[in-house]
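Opening a fresh notebook page for this one. I want to go through the fold first and then the contact between chains.

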Amino acid sequence: MKISSVIAMAAVLLALVGVALFGPNTAINFLVTALIVALAAQGWNLLGGYCGQFSFGHAAFFGTGAYVTAILQSRYGVNAWIGCGCGILAGAAIGTLIGWLSFRAGLRGSYFALITLAFAEVLRIAANAAPITGGGTGLLLKLDMRAANFQFASRGTFCLIVLACVLAVLALTTWIARTKRGAEFAAVRENEDAARALGIDVLVTKLRAMALSGAITAAAGCLYTQYFLYLDSNIAYGSWISVESLLAVIVGGIATPAGPIIGALALHALGEATRLLAGRITGIDLVLFGLILVAATAFAPKGLAGLWNAAQSRRSPRA
Amino acid sequence: MTLLHVEGITKQFGGLRAVDNASLSVPPGTITGLIGPNGAGKTTLFGVISGFIPPTAGRIVYNGADITAHPPHRRARSGIARTFQIVQPFAGLSVVENIAVGAYLRHAKRADATRVASDIAHRVGLGAMLHQPASALTVAGRKRLELARALATAPRLLLLDEVLAGLNPSEIRDIIPIIQAIRAEGVTILMIEHVMQAVMNLCEHVYVLSQGRMIAEGTPQAICTDEQVIEAYLGHGAAGQMQAHA
């Protein structure tokens with residue numbers, strides 16, 4: 001990695017920690033939300049960016065993580081940290097299950113994307129109807145601010161934990177991309193037949209990506225539950241998180257470790273700015289997101305990370 | 001003793017019998033050729049041997065074991081590597097990354113896989129292009145990449161599907177010694193080839209497939225004068241005409 005990129009990353013990290021420690025509550029709220037989306041997007045990036053399987057239904061993982069955490073605590077009195085661990089495992093499990101059902105049937109490309117959307121919608125409707133999720137009224141977690149409960153009196157502390165999760169997944173993604181598993185993901189993304197001919201079990205590789213992706217996005221759901229302490233089916237399984245996680249990756253830079261983080265921060269900053277400027281036009285930020293998606297795919301297919309790298313190599317063409 | 005035994009393979013696509021009760025054997029350490037006119041079913045038979053196409057009837061015996069039901073990745077792990085007639089590069093990856101995917105099959109560590117990949121790239125003449133994207137290679141370069149990737153899996157049996165097609169004579173001259181060197185290392189080769197110069201130079205034994213049927217086998221020299229083979233290529237009565245002119 002180039003020095004300039006390292007300096008840029010260190011500066012961003014410093015600014016984020018600064019906001020978490022000293023920023024006003026509104027700024028911290030903004031940052032926590034953006035980082036939770038970044039974490040969900042990191043999950044999407046592993047499956048969509050590295051393994052080439054585009055999903056429209058990452059809400060299925062986000063919501064499962066969120067609900068498992070919330071239900072275990074509110075209905076069964078399970079400790080919040082253990083609840084989150086179970087939420088992440090449940091995300092991996094639902095990822096493997098959805099993957100097994102769709103990939104075994106040979107679904108690829110847009111068919112896979114549509115079936116994931118369908119799974120997320122089925123879960124949303126089921127969660128809206130089932131008594132255990134609180135149905136339409138949703139689930140409210142008891143406010144009890146103790147570290148043992150994964151609730152903190154200081155928003156900044158929680159923000160730092162979310163940031164730590166995002167950085168941990170950043171490190172994990174960078175590492176996986178350099179291993180045999182990462183090469184298998186890339187091979188399956190680029191050409192399934194060639195991958196098979198080289199001894200790669202394509203189904204198992206895709207299921208690995210689904211499990212990992214599901215776990216990471218479910219972790220984002222767990223963190224959401226712990227921060228907002230309220231959940232209903234439209235938050236947990238709503239299409240907003242599916243859309244934002246893929247949008248963050250595409251805008252930030254697909255199949256780059258830092259892409260989802262850059263994308264989520266940029267999108268949320270822009271969303272907030274639009275809401276401030278445009279005032280009370282409902283959904284104006286979504287209109288803007290749509291335009292950005294079109295612009296990104298047309299003019300910057302490698303996203304902001306790609307633009308940054310291109311600018312770097314223009315400045316030092318021999319490096 | 002044979003390394004690969006193809007027994008009575010039939011493949012029916014709807015009303016079309018692409019391969020019809022075809023059998024062949026490949027002894028270890030040899031180069032065996034599979035030739036035949038366009039549409040004879042050679043690539044289909046290759047697909048059956050490598051596990052990509054399930055046969056309608058017949059069985060594949062490799063190294064003494066029936067592998068007819070094994071999926072392609074399992075055959076690759078047991079030492080059968082193939083190239084694709086229509087090249088299938090990982091277009092978004094660099095040359096060395098492409099080959100490393102094959103090398104990872106036997107080497108779990110990145111450093112080992114990359115080292116093996118770059119050694120093989122040098123052997124097949126791609127040493128100067130290690131870090132270029134595979135999509136930047138010429139046709140000849142992509143054929144070499146197919147060969148390199150298959151070699152990287154350290155195969156016992158290498159299935160080459162027209163690795164010389166689309167190359168010019170000087171490129172063919174460059175690749176023939178590479179194939180001979182692969183055999184000299186003990187890799188058994190079964191190759192589909194149209195370039196007769198290569199078949200005559202490389203193969204010890206040749207099978208001829210026509211309209212799905214195995215119509216002849218023998219040494220390359222014997223095959224070239226076989227009446228049925230000449231007629232399969234040039235049409236009914238061609239053998240007689242050729243003899244009349246000779």
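I started by counting secondary structure in chain A: 14 helices and two strands. Straight after that I checked the radius of gyration, which is 19 Å, close to the 20 Å that the globule rule gives for 319 residues, so chain A is as compact as a globular protein of that length. Note to self: this is a predicted model.

Next I looked at the extent of chain A. Along the principal axes, its C-alpha atoms fill a box of roughly 55 × 45 × 40 Å. I also pulled the burial figure, and 49% of the 319 residues in chain A come out as buried. Then I went through the contacts in chain A with a separation of 6 or more, and 77% of them join residues 24 or more positions apart.

Helix check, chain B. I picked α1, residues 42-50, and asked how many of its nine residues are buried. I get eight, so to speak a mostly covered helix by the under 20% relative accessible area cut-off. The buried set is B:Lys42, B:Thr44, B:Leu45, B:Phe46, B:Gly47, B:Val48, B:Ile49 and B:Ser50. I noticed a lysine in that list, B:Lys42. Just past the end of α1(B) I looked at the backbone, and B:Gly51 has a positive phi of about 95°.

Now the interface. I find 22 residues of chain B in contact with 19 residues of chain A. The two chains bury about 1700 Å² between them, and 66% of that is on carbon and sulfur atoms. Which residues of chain B lose the most area to chain A? They are B:His73, B:Phe90 and B:Tyr104, and together they make up 30% of what the chain B side buries.

I then went after specific pairs. The rule finds zero salt bridges across the interface of chain B and chain A. Polar contacts do turn up: I count six residue pairs between the chains, both partners at pLDDT 80 or more.

Last, I sorted the chain B side by element and by class. Helices α2 (72-77), α3 (95-103) and α5 (139-152) of chain B each supply at least two of the residues that touch chain A. The largest share is from α2(B), with four residues. By class, I have 13 nonpolar, five polar and four charged residues on the side of chain B that touches chain A.

Technical notes. Residues are numbered from 1 along each chain as its sequence is written. Chains are lettered from A and ligands numbered from 1 in the order in which they are written. This is a predicted model: local features need pLDDT of at least 70, side-chain atom pairs count only at pLDDT 80 or more; totals for chains, interfaces and linings use all residues. Side-chain values use heavy atoms; hydrogens and water are left out. Contact means heavy atoms within 4.5 Å. Buried area is the accessible area (1.4 Å probe) that two parts lose on being put together, summed over both. A salt bridge is a side-chain nitrogen of Lys or Arg within 4 Å of a carboxyl oxygen of Asp or Glu. A polar contact is a pair of N or O atoms within 3.5 Å; within protein, one must be able to donate a hydrogen and the other to accept it, and residues adjacent in sequence count only if both atoms are side-chain atoms. Ala, Val, Leu, Ile, Met, Phe, Trp, Tyr, Cys and Pro count as nonpolar, Asp, Glu, Lys and Arg as charged, and the others, Gly among them, as polar. The radius of gyration is taken over C-alpha atoms; the globule rule is 2.2 Å times the number of residues to the power 0.38. Buried means under 20% relative accessible area, exposed over 50%, partly exposed in between (1.4 Å probe, protein chains only).
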